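Let's take a walk through this model together, starting with its enclosed spaces and then moving on to a sheet and the helices beside it. Keep the 3D view open as you read.

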Amino acid sequence: MHKFDLEIAGRPVTFEVNSFAKQSSGSVLIRSAGTVVLVTANVSDTAREGVDFLPLTMEYVERTQAAGKIPGGFFKREGRPSEKAILTSRIMDRPIRPLIADGFFNEIQVICTVFSADNDVDPDTLALTGASCALCASEVPLSKPVGCVRVGRIDGQFVVNPSFEDLRKSDLDLIVASTEEAIVMVEGGANELAEQDMLDALMFGFESAQPYVKAQQQMMAAIKPHKLEPTDTAISDDLVSKVESRAKEGMAAALAIAEKQARSRALKQLHTEVQDELISGGSVTEDEQALIGEVFDNFKKRAIRDMLAKTGKRVDGRGLNDIREISGVVGLLPKTHGSAIFTRGETSAMVVATLGTGDDEQRIDALEGEYFKRFMLHYNFPPYCVGETRFLRSPGRREIGHGALAERSLIRMIPAREEFPYTIRIVSDILESNGSSSMATVCGASLALMDAGVPIRQAVAGIAMGLVQEDGQFHVLSDILGDEDHIGDMDFKVAGTTQGITGLQMDIKISGVSREILAQALEQARAGRMHILAEMEKTIAKPRDEINENAPRIHTLQINPEKIKDVIGPGGKVIRGIIADTGVKIDISDDGKVLIASADAQQMQKAIDIVESICEEAEVGKTYKGTVKRVVDFGAFVEILPGTEGLVHISQLDSERVEQVRDVVSEGDEIEVKVIEIGADNKIRLSRRAVITGEDISELVRPMRSGRSGGRRGSGPRRR
């Protein structure tokens, strides 16, 4: 057992290495406040045959008992992973994968289980730090330990690992993963943060993560774990020379083709020709035949990188800072609430906005507590968008991750519920993909929201930045292609408005990126974002003045909270009747706010009238058509509003003296009466006489209060 204690932001953190799950290759139990996570790492003894990639799986597992809850549903057992679990699994994977030794093809599985959770410490950053620690303690050849922190900013001051309550006050939510030398992964959102402020936040996160890194270094020095060796994948210089000499001329010609599919076909044909010629000519051994494809791919990668570094030109002919041609269309789908197609080069997204009511909110039952989402963004990447034929399955981790990034980039621009009481769902279907479809989704979603008439604060655009680093020099690429993402060293996505950054994500394939690279990438991304926003403005400059005619209109009523029970009725009978009769949706909050939604203006007005009639309260001086409910010796009780009755005293029944009440009215009669007084006891006094004669009600109230009531003394019942 090895235990390490450290302090992050004044909060003790404890690592217990190889104390639990001892049959694992490496394990760590991390405690911070009331949050406890166990991370285990296991690795197969031998390399997986027939693979040329790292077979690594990361799993983040939440159990409801960690927060003292029992799962809902019939089975009372956790089902498929939540979106939070999927996103955290991705956060664990992305910085770790590039740091495992090249050529290591053994199966690796890392599992993080949350055993206790409180509202002060989110387990996600501990999961990544724990994954690094467990791998460092295992046989896996991880080159460097990684530490991870969350950075917030409250009142202009950076805060490390803020609580859930603190995050609600923060204008920044940023996850930063770092080694001892540099930042290796970033994920976050912000409220239009300036580039310099974001750079400062990144470096603050880098410094704050160092205690985690140093603790793992101390652990490795103490336990000295045995490490497995990568598979020997050395390729002979002779084979490299043969492939490159044969492919050199064709490679240059193929890479000069700007269009993705044509370039891809040319490269595939060249690869086939090279392979067939070398095999048929007998110039390669049987073992070398299986390596021709790898050598060819390495040559292609190096050729693209050399072209970028030496000429500043890219495979589609652009310069390093150039943005591809942009176009947009809105309102093309006639029955949706808002729609847009955003196209940038060979990347295109069809984005649809749908407006709903409070009933459409998504309920999230998370470890930190239940909450509701009124803005959702879902991203789909069908096989046809890259010209492939494969099974169409439910969204995978990548699709959920891209959707979450786009949602995070837009959510702070969505108007508050008080200003715009709609639930909003965005769906993005990628029609074509050749570089950063998630950022195309951000742009398309912004256009679709404005087309739907959603009063977003600012338009939002996104751009993906790349990096090629060779011989101590680096080149930052704006608006990267798919090929540039594949051969490059960094994928840095930045989304924001004209005012600042709203979303950020960075993954790298090298050991880290410096402050200088981050500063240039952020500035280049800002310039690119300004260009894209200007192009988007040509399609639609601001939200439409009215919401789409297909969308439900929402009318807000404020009623007396004591009347809520009357609108709902016994067992919900009244409200169900209104909905069945009018087809509207009705939401009622505890403070008496009633939201009535319908795309049919006539039916909405009908529902409004019904609710208003139920909740209407009597007003002095107002005339009502009421129904006589009871007749007594001294007057008649008349229902002027549903559930609201008042007394018409016998002296107020007619302009002439009345001897018997039944001489004038009977039960069930409809008569017009005027409210002449509402007493402190909420008893309502009515007058039919005031309606007939038009008398001033002040003249009628005075004699009633004094006991003089137009010829009949007293207002009490006569005894028989």
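Six nonpolar and five charged residues, with no polar ones, make up the lining of the second largest cavity in this predicted model. Its volume is about 60 Å³. Among the lining residues you will find Tyr60, Leu367 and Phe164, along with the charged Glu62, Lys84, Asp118, Asp122 and Glu368.

The structure holds two cavities of 30 Å³ or more, and the largest encloses about 90 Å³. Thirteen residues line the largest cavity, and those closest to its centre are Arg11, Val121, Asp122, Thr125 and Asn161. By class, this lining has six nonpolar, three polar and four charged residues. Strand E2 (11-17) and helix H2 each contribute at least two residues to the lining. Val121 and Asp122 also appear in the lining of the second largest cavity.

Helix H2 (residues 123-136) leads us on to a sheet, where the helix touches E7, E9 and strand E10 (183-193) and makes about 155° with the direction of E7. This open sheet has eight antiparallel strands in the order E8-E7-E9-E10-E21-E20-E18-E19. Strands E8 (157-160) and E19 (473-478) each have a single partner, so one side of each is left without a neighbour in the sheet. From one strand to the next, the twist averages 20°.

For a closer look, follow E7 (residues 147-154) and E9 (residues 172-178), which pair over six bridges; Gly152 has Asp173 in E9 as its bridge partner. Finally, helix H12 (residues 515-539) lies across E10, E18, E19, E20 and E21, running at about 145° to E18.

Technical notes
Residues are numbered from 1 along each chain as its sequence is written. This is a predicted model: local features need pLDDT of at least 70, side-chain atom pairs count only at pLDDT 80 or more; totals for chains, interfaces and linings use all residues. Side-chain values use heavy atoms; hydrogens and water are left out. Two strands pair if DSSP finds at least two bridges between them. Helices (H or I, at least four residues) and strands (E, at least two) are DSSP runs, numbered from the N terminus. Axes are lines fitted to C-alpha atoms, for helices over the stretch in contact, and angles run from 0 to 180 degrees between N-to-C directions. Contact means heavy atoms within 4.5 Å. On a 1 Å grid over the protein atoms alone, a cavity is a set of points where a 1.4 Å probe fits but cannot get out, and a pocket is an open set with protein on both sides within 12 Å along at least five of seven lines; lining residues have an atom within 4 Å of a point. Grid points are joined across faces, edges and corners, and a volume is the space filled by probe spheres set on the points.
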